[in-house]
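The following exercises are meant for a reader who meets this structure for the first time. Please work through each task before consulting its solution.

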Amino acid sequence: MSGTIQKASDIFIVGLRNQHAVESQAIELLERQVGRLENYPEMVDRMRRHIGESQEQARRIEELLKALGTSHSAAKDLGLSFVGNLAAAGHATAPDEVIKNTLANYAFEHYEIASYRALLTLADAAGHSAAKSPLQQSLKEEEAMASWIADHIAPTTLRFLERSAAGAKAGV
Ligand SMILES: [Fe+2]
């Protein structure tokens, strides 16, 4: 292996471990929100689906690491503090929790989209062509989730407004 290819492979493995930790955070983040949301059922349904997708994405990464003769880092999964998850924890006390979480989830999905694009570039640079199709699948799922959230910013905001105006508990 040339120096650059070896370097690309090393950075790719670190990136896969990081993304595995991000997927663990995504699952936690969504589970926490799903457990609290009462009045936004289509959001709960979509989040449940994305929890399943995120579990599958984490599994794909485990397979890729295994094929490269290594594994993910449980310590990193636990230790990586990710801004989206910290934000969501803080939102639990906000009266506009559903809005704040929608904005944070939109940002989180775009972080993941950027991450999978970087991983695909590194897979190419390292000559790990077999890694590309599972990463592309995960990228597609993140893009679909981001676009679902984008489509639901307005309806969610309007429902929040309507419930607030009616004096209801609006934020979850
Ligand atoms: Fe994900």
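The exercises below treat a predicted model and proceed from the whole chain to single residues.

**Exercise 1. The overall fold**

Task: State how many helices and strands the chain has, and give its extent and its share of buried residues.

Solution:
1. The secondary structure amounts to six helices and zero strands.
2. In sequence order, this gives the pattern α-α-α-α-α-α.
3. The C-alpha trace extends over about 65 × 30 × 20 Å along its principal axes.
4. The chain has 172 residues, and 44% of them count as buried.
5. Among the contacts with a separation of 6 or more, 80% join residues that are 24 or more positions apart.

**Exercise 2. Surface and charge**

Task: Determine the accessible surface of the chain and the numbers of its charged side chains.

Solution:
1. The accessible surface is about 8,500 Å².
2. Carbon and sulfur atoms contribute 58% of that surface.
3. There are 18 positive and 22 negative side chains.
4. The centres of these two sets are 1 Å apart.

**Exercise 3. The iron site**

Task: Identify which residues coordinate the iron ion, and describe how its donors are spaced along the chain.

Solution:
1. The coordinating atoms come from E23, which is listed with OE twice, from Q57 through OE1, and from E112 and E142, each through OE.
2. The distances run from 1.9 to 2.6 Å.
3. Along the chain, the donors follow the spacing E-x33-Q-x54-E-x29-E.
4. Two of these residues join distant parts of the chain: E23 belongs to helix α1 (residues 3-36) and Q57 to helix α2 (residues 41-67), 34 residues apart.
5. E23 has a relative accessible area of 0%, so it counts as buried.
6. Q57 likewise has a relative accessible area of 0% and is therefore buried.

**Exercise 4. Lengths of two helices**

Task: Compare the spans of helices α2 and α5 with the expected values.

Solution:
1. Helix α2 has 27 residues.
2. From its first C-alpha to its last, α2 reaches 39 Å, close to the 39 Å expected at 1.5 Å a residue.
3. Helix α5 (residues 97-126) has 30 residues, so a span of 44 Å is expected at 1.5 Å a residue.
4. The end C-alpha atoms of α5 are 42 Å apart, which agrees with that expectation.
5. Just after α2 comes G69, with a positive phi of about 80 degrees.
6. α5 is followed by G127, whose positive phi is near 75 degrees.

**Exercise 5. Buried or exposed?**

Task: Classify S54, T156 and G3 as buried or exposed.

Solution:
1. S54 is located in helix α2.
2. Its relative accessible area is 0%, which lies under the 20% cut-off, so S54 is buried.
3. Beyond its neighbours within four places in sequence, S54 is in contact with E23, A26 and I27; E23 is also one of the residues that coordinate the iron ion.
4. T156 is located in helix α6 (residues 132-165).
5. With a relative accessibility of 3%, T156 is buried, because this value too is under 20%.
6. Neighbours within four places aside, T156 is in contact with Y40, M43, V98, I99 and T102.
7. T156 and V44 are 112 residues apart in sequence, and their C-alpha atoms are 12 Å apart in space.
8. G3 is found in helix α1.
9. Its relative accessible area is 58%, which is over 50%, so G3 is exposed.
10. The C-alpha atoms of G3 and R60 are 27 Å apart, with their positions 57 residues apart in sequence numbering.

Conventions: Residues numbered from 1 in each chain as written. Predicted model: local features only at pLDDT ≥ 70, side-chain atom pairs only at ≥ 80, totals over all residues. Heavy atoms only, no water. Helix = DSSP H or I, 4+ residues; strand = E, 2+ residues; numbered from the N terminus. Buried < 20%, exposed > 50% of the residue type's maximum accessible area, 1.4 Å probe, protein only. Contact = heavy atoms within 4.5 Å. Areas by Shrake-Rupley, 256 points an atom, 1.4 Å probe, with all protein chains shown as cover. Lys, Arg positive; Asp, Glu negative; His and termini not counted. Charge placed at Lys NZ, Arg CZ, Asp CG, Glu CD. Donors = N, O, S within 2.8 Å, 3.2 Å for Na, K, Ca; no water. Expected span 1.5 Å × (residues − 1).
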